[in-house]
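Work through the following exercises with the sequence and the model at hand, and compare each step of your reasoning with the solution given.

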Amino acid sequence: MRLRNGTVATALIFITSFMSLSWYTTWQDGKEKLIAYQREFHALKERLRVAEHRTLQRSSELNTILEQFRRAIAETNGSKDALGHFSDETQKLLKELAHRKPLQVPNIYYHLPHLLNNEGSLQPAVQVGLGRTKVSIVMGIPTVKRKVKSYLAETLHSLINKLSPEEKLDCVIIVFVGETDIDYVRSVVESLEKEFSTEISSGLLEVISPPASYYPDLTNLKETFGDTKERVKWRTKQNLDYSFLMMYALNKGTYYVQLEDDIVAKPNYFITMKNFALQLSSEDWMILEFSQLGFIGKMFQAPDLNLIVEFIFMFYKEKPIDWLLDHILWVKACSPEKDAKHCERQKSNLRVRFRPSLFQHVGLHSSLAGKIQKLTDKDFLKPLLHKIHVNPPAEVSTSLKMYQGHTLEKTYLGEDFFWAITPTAGDYILFKFDRPVNIERYLFRSGNPEHPGDKLQNTTVEILPFSETGLKTKDKYKRTDDGFYRIGKFENGVSESAVDPVFNPISALRLSVLQDSAVWAILSEIHIKKAAR
């Protein structure tokens, strides 16, 4: 009898274990499928956005053609001989077009009138490659003749060797040779065809160069900001080079990444950039930065390139490219009635920094003759001790004492972790939103791999509704004396939960320490997710 009972118990344990394993396997498969579906959805959303952009672009091109018809009709003065070979219906349409008086819309020729002197000014003088399109990421690499050393081949090897076979089919690398000396351009092309023949023949690598007629006269530029005449000429031409490269890349993929010809890349850089962009597909970003240096590792959404190129053409003689990009962000996000801190918070939603950096600058000799630049990205080799999210613009403050420059502001922007000396009862961390926001859920994580014990304990999460009109308070939410509602608390250093929609919109969110802590505290992750519109 004892043996029989033992056998039954063993059988029950086996069946229970089998069912648990089966359930876990099913759950895990379902989770992976959900993640895959989410990525496909984000990718589809981006393709729809690109399709909408291309529809608008075709519309603009049709308007240009109509304008050309108007000019042609105007030049003939309605001559019957000139229109005789058209049908009556076509003649009637052309006359209607000719007599319309639309507003004159400025275009590229207003800023670069010399382009009208040559029909081929906006066509590559040299174009090598298969012209691949419909990829996820287009990488642009401008290069010019350097008097001391060229880093181009090393840069291409670093980028290409770190791509998987699947990734090589989902991107295109464009080398832009910014020289009008056709013999030099041909020598670069021959060198690349010899060293990267497989990549060129497969469509992964393309090489282009602009015609001499693309560049205006750069000999009489105004010297500004204390720069020498040679430096002003160098930075002005650089702006034009970036613009030509962006125009060529515009219709090739979903994202465009600006690189330089003297860098090395980290392993898995491609999938890291792609996943980060997809993760932020519901956010209104304009620039994703995968390096803190200059114009290296800057990602743009393809539809935004038109706006960027137009802005560069308006001011290409005035300032360097990185300054112009910052001005675009200022125009889009900042109010002259607000202070500089408010402006920076608004711009941080459009320009999102990824850490650690995926690209490192290695060139010692600049493309500007005689210039030595010992620039290195300090974030390139750093381990990631925090996680990056895009949070609603907010003014942040705390009663906690910061340690070694690890500020709360940087943590909120995803640039660092917040490190505070021993919290005591009554301490707080406050996020006051610039405007009331509908919040779907939140996540706060304390501690990090280097200091796993520095966690927030005995700390609550509280929200301040914008209005309490019609708000039905539930028993499970405690209201503080100053109008906040406690909706969560930290457990094992983490607080994560959905927000009851009844509280939306929300003016502020606060973390409140209830009891003295025996340890310091690190806040390594902040994610306040806005509700879908």
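**Exercise 1.** Determine how many disulfides a search of the whole structure finds, and characterise what is found.

*Solution.* The search, in which a disulfide is a pair of cysteine sulfur atoms within 2.5 Å, returns one disulfide. Its partners are Cys 334 and Cys 343, whose sulfur atoms lie 1.9 Å apart. The torsion about the S-S bond of Cys 334 and Cys 343 is about 75 degrees, so the disulfide is right-handed. For accessibility, buried means under 20% relative accessible area, exposed over 50%, and partly exposed in between, with a 1.4 Å probe and protein chains only. Cys 334 counts as buried at 10% relative accessibility, and Cys 343 counts as buried at 7%.

This is a predicted model, in which local features need pLDDT of at least 70 and side-chain atom pairs count only at pLDDT 80 or more, while totals for chains, interfaces and linings use all residues. Residues are numbered from 1 along each chain as its sequence is written, and side-chain values use heavy atoms, with hydrogens and water left out.

**Exercise 2.** Establish why strand β4 is largely enclosed by the rest of the structure, and which strands it is bridged to.

*Solution.* Strands are DSSP runs (E, at least two residues), numbered from the N terminus. Five of the five residues of β4, residues 205–209, are buried, so the strand is largely enclosed. On one side these are Leu 205, Val 207 and Ser 209, and on the other Glu 206 and Ile 208. Turning to pairing, which requires at least two DSSP bridges between two strands, β1 (residues 126–128) is joined antiparallel to β4 by three bridges, with Val 126 partnering Ser 209. Four bridges join β3 (residues 171–177) to β4 in parallel, and here Ile 174 stands opposite Glu 206.
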